[in-house]
Amino acid sequence: MSLVADSPVNSSSSDDFAAFLDAELGANLAESSQDEEVEDDDFKDVEARDEEPEDEEASDKDPKDAETGDDNDVHNKRIKKCKVEALESIHEQGSTSYATLEQQTEATTNVDICTHPGSFGEMCILCGQRLDGESGVTFGYIHKGLRLGNDEIVRLRNTDMKNLLRHRKLYLVLDLDHTLLNSTLLAHLTPAEDYLKSQADSLQVVDVSKGSLFMLTYMHMMTKLRPFVHTFLKEASQMFEMYIYTMGDRPYALEMAKLLDPTSEYFSTRVISRDDGTQRHQKGLDVVLGQESAVLILDDTENAWAKHKDNLILMERYHFFASSCHQFGYNCKSLSELKSDESEPDGALASVLQVLKRVHNMFFDEFGDDVTGKDVRQVLKTIRKEVLKDCKIVFSRVFPIRFPAEHHHLWKMAEQLGATCLTEHDSTVTHVVSTDAGTEKSRWAVKENKFLVHPRWIEAANFLWQKQPEENFPVISQKQPEDNFPVILPKQPEESVPDKLPKDE
């Protein structure tokens, strides 16, 4: 059995690899030894046949062969002549010609030589040969020490893609921290959060899947699962083959996977940590066995996916613990300190699930039956552009002075959502986005009965993938306090994580 020809790829390439490779490696080594013995025996048989003396006295032929005898004699003489000429040529030209002949023979047999589709350490997974140097990509989360060559990765992705599409599924890569959950060190709990210690569930409870707040004493941590996460994973698994991808280390990633998926129903071995990445401080789809044209990503940090922003659905960060709020510069009480939480039916995961359903439906049902040439990134762009379609926006006191407006992230975000952005107001403008109700453009909006909204209106539409009620985002004068609205930064900040807490971007 050959790994190249018979890899057990059905709906998931990585699921079957771990169990398959151990058995396959031993079987291939045994087959390789047997093949060598058979080849040696065959070679000896050929040598023996070549050394048999030829009968030149073929005088007592069967009468039935009399008519063809002359032709056979001519044919045999030609063969003998070719052999003699070849031998004379080799002897005349010496060892150099013999070396050339060996090279030609080796070139002919190279068709059957192992292509080394992957390796464990320095040993080929197919033939057992020790390999020099490293090529391809490491897939340690599938099997420790496994490295696959680029050609084999392409083959596996193509095979898995065909099988997934037959099951009407795509790929979904999920971030952990601030996307599906929020973690903090026990030492970072504030006095107002001490009550959580008595409410946390133990990992030894009978049904972990019903818990949402967990005390991981051996890791000196507490983890809160985002509301609606269990329903989200259950429904998303019907449409997607799901991966976890975190910037936390592997032990942390595996513990979080146990909380989210205690029966390994959703992720199996598809848990990727920062130890599996190929680029420091970046996440990439090169370690995901799925074609980029069929992969969606949920993450709260856009900068972590520099090469795959078109696959990304940006999530609003989940700040349950006070340490998480402080980490990102919010000087306000956390959800835990307020003894509150996100809404299950109207929260971030419930909203994004509707987006995923829309993408899945449009990919498989709205663009024709042939899905082979479809690209989920184009579907995502189409849906995104419908959010603020027909909105014409002008900004006031949002961008720094002399900052090119079209380069600001809010301008780009509005255009991605389908809005038209202008630098000056006119009668076609529908919305003035401002941080100060006292500016000339803001006053014009009120006078002309245009919508006057805070920049958070655009951000909310971006996170929730639908236009939000304008009255929920009022603009006040800068002379009055704006406690309800955080400062609009020109760029999303990088994540910084407290010491010893596994980093997740």
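Two residues are in contact here when heavy atoms of theirs lie within 4.5 Å. With that meaning, and leaving aside its neighbours within four places in sequence, Leu196 is in contact with Leu189, Leu213, Met222, Phe320, Phe321 and Ser336. The model is a predicted one, and the points below take up the setting of Leu196, a small group of strands, a pair of helices and the side chain of Asp300.

**Leu196 and its surroundings**

- Leu196 belongs to helix H6, which covers residues 196–199, and because its relative accessibility is 2%, Leu196 counts as buried, the cut-off for that class being under 20%.
- One of the contacts of Leu196 is Leu213; these two residues are separated by 17 residues in sequence, while their C-alpha atoms are 8.3 Å apart in space.

**The sheet of S6, S8 and S7**

- An open sheet is built from 3 strands that follow the order S6-S8-S7, with antiparallel pairing.
- Strand S6 (181–185) and strand S7 (213–216) each have a single partner strand and stand at the edges, so one side of each is left without a neighbour in the sheet.
- Ignoring direction, neighbouring strands of this sheet are turned against each other by 15° on average.
- Strand S7 and strand S8 (residues 221–225) run antiparallel and are joined by 4 bridges, and Phe214 is placed opposite Thr223 in S8.

**Helices H7 and H10**

- Helix H7 (residues 229–236) and helix H10 (residues 348–366) have axes that come within 10 Å and cross at roughly 10°; the two helices are therefore roughly parallel to each other, since angles under 35 degrees are counted in that class.
- On the H7 side the residues that meet H10 are Val229, Phe232, Glu235 and Ala236, and their counterparts in H10 are Leu349, Val352, Leu353, Leu356 and Lys357.
- Sorted by class, the contact of H7 with H10 has 7 nonpolar residues and 2 charged residues, with no polar ones.

**Asp300**

- Asp300 is placed in the loop between strand S11 (295–299) and strand S12 (312–314), and because its relative accessibility is 0%, Asp300 counts as buried.
- The side chain of Asp300 makes a polar contact of 2.6 Å with the side chain of Arg317, and a polar contact of 3.3 Å joins the side chain of Asp300 to that of Thr179.

Key:
Residues numbered from 1 in each chain as written. Predicted model: local features only at pLDDT ≥ 70, side-chain atom pairs only at ≥ 80, totals over all residues. Heavy atoms only, no water. Buried < 20%, exposed > 50% of the residue type's maximum accessible area, 1.4 Å probe, protein only. Polar contact = N/O pair within 3.5 Å; in protein donor to acceptor, adjacent residues only side chain to side chain. Axes fitted to C-alpha atoms, helices over the stretch in contact; angles between N-to-C directions. Parallel < 35°, antiparallel > 145°, perpendicular 65-115°, else oblique. Nonpolar A, V, L, I, M, F, W, Y, C, P; charged D, E, K, R; others polar. Pairing = 2+ DSSP bridges.
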